[in-house]
Amino acid sequence: MSPNIIFVRVKDSYIYLKNILKWAKENPELKEAVDYPFEKLINDLDRTTDNFLTVFEKNKQFILKKIEDISGFKWPPNMPVIYVYPIAFFNSFSHPLFLRVGGIKNSKFITRKNGHILGTLIHELCHNNFINLSIDREMNENLIHFIVINILNDIDSVYTKEYTDFHEKIGKKINIDILPEPIRTGRISIAYFYSKKRSSETTP
């Protein structure tokens, strides 16, 4: 059973945001966020999230099912709900799921594009879905990019471009070509491929 994805409304739960700003206020990356009017930051985050949710909600069940289909991992039963906390600084994170939806530059809130936000959310959801997959980080990240790009292509290729353009801009190369051919061509799931690989490695 797929988890329920619930976006935390910042206006109602702003304490997490206030604590991050307080605990990390000496971090140079947070200087502009610390100086930005807090009430305005709350409103900007909620406004951006509300706009994004018009895209996510109509595709939510498709996304969760597609992650499960490609990965081959069932959603864990101990994960009935995943809460998403919108942020405007640092990188997105999967546990708990902090999702960066914008940033502050030159005293202005800069909203990220919906394709970028959606791709990042799918990326972090994949981290929640992958179970006991003991592979190196580069392969793990590119497997997730593979899932993200497959899903975004099915929803809207404009979103795919917004996601890949951002990674190109920050110099993080997406290299799906390194993936095993049976996964890349969609013949078998990620979980099945690696379970067979482990079996062959442990069989005398």
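Q: How do I read the crossing of α4 and α5: which hand does it have?
A: Start with the general idea: a pair of packed helices is described by the angle between their axes and by the distance between those axes. In this predicted model, the crossing of α4 and α5 is right-handed. Helix α5 covers residues 137-155, and it packs with α4 at an angle of about 130 degrees, the axes being 9 Å apart.

Q: Are α4 and α5 parallel or oblique to each other?
A: Angles over 145 degrees count as roughly antiparallel, and 65 to 115 as roughly perpendicular. At about 130 degrees, α4 and α5 are therefore oblique.

Q: Which residues of α4 and α5 meet?
A: On the α4 side, look at Gly115, Leu118, Gly119, Ile122, His123, Cys126 and His127. Their partners in α5 are Asn140, Glu141, Ile144, His145, Ile147, Val148, Ile151, Leu152 and Ile155.

Q: Let's zoom in on His123. Is His123 buried or exposed?
A: The cut-off for buried is under 20% relative accessible area. His123, part of helix α4 (residues 114-129), has 7%, so it is buried. If you skip neighbours within four places in sequence, His123 contacts Glu141, Ile144, His145, Val148 and Tyr163.

Q: What about α3 and α4: how do their axes cross?
A: Use the same pair of descriptors, angle and distance between axes. Here the axes come within 10 Å and cross at roughly 40 degrees. That makes α3 oblique to α4, and the crossing is right-handed. From α3, the contact involves Thr48, Asn51, Phe52, Val55, Phe56, Ile63, Leu64, Ile67, Glu68 and Ser71. From α4, it involves Asn114, Ile117, Leu118, Leu121, Ile122, Leu125, Cys126 and Asn129.

Q: What does Leu121 touch?
A: Setting aside neighbours within four places in sequence, Leu121 is in contact with Phe7, Phe52, Phe56, Val84, Leu97 and Leu99. Leu121 sits in α4 and is buried, with a relative accessible area of 0%.

Q: And where is Asn114?
A: Asn114 is in α4 too, and its relative accessible area of 17% makes it buried. Beyond residues up to four places away in sequence, Asn114 touches Asn51, Phe52, Val55, Tyr159 and Glu162. Asn114 and Phe56 are 58 residues apart in sequence, yet their C-alpha atoms are 9.1 Å apart in space.

Q: How far apart are the ends of α3, and where does α3 bend?
A: To read this, compare the end-to-end distance with what a straight helix would reach. Helix α3 (residues 38-71) has 34 residues, but its end C-alpha atoms are only 40 Å apart, short of the 50 Å of a straight helix at 1.5 Å a residue. Look at Asn59, where α3 bends by about 60 degrees. Just after α3 comes Gly72, with a positive phi of about 85 degrees.

Q: Which backbone oddities should I check in the loops?
A: The general idea is that most residues other than glycine have a negative phi, and most peptide bonds are trans. Against that background, the bond from His95 to Pro96 is cis, with omega near -5 degrees. Pro96 is in the loop between β2 (81-87) and β3 (97-100). Then there is Asn106, a non-glycine residue with a positive phi near 50 degrees, in the loop between β4 (102-105) and β5 (108-111). Ser107 has a positive phi as well, about 65 degrees, and lies in the loop between β4 and β5.

Q: Are Asn106 and Ser107 buried or exposed?
A: Exposed means over 50% relative accessible area. Asn106 has 61%, so it is exposed, and Ser107, at 59%, is exposed too.

How values were computed: Residues numbered from 1 in each chain as written. Predicted model: local features only at pLDDT ≥ 70, side-chain atom pairs only at ≥ 80, totals over all residues. Heavy atoms only, no water. Helix = DSSP H or I, 4+ residues; strand = E, 2+ residues; numbered from the N terminus. Buried < 20%, exposed > 50% of the residue type's maximum accessible area, 1.4 Å probe, protein only. Contact = heavy atoms within 4.5 Å. Expected span 1.5 Å × (residues − 1). Bend = angle between axes of the 7 residues up to and from the residue. Axes fitted to C-alpha atoms, helices over the stretch in contact; angles between N-to-C directions. Parallel < 35°, antiparallel > 145°, perpendicular 65-115°, else oblique. Left-handed = near helix turned anticlockwise from the far one by under 90°.
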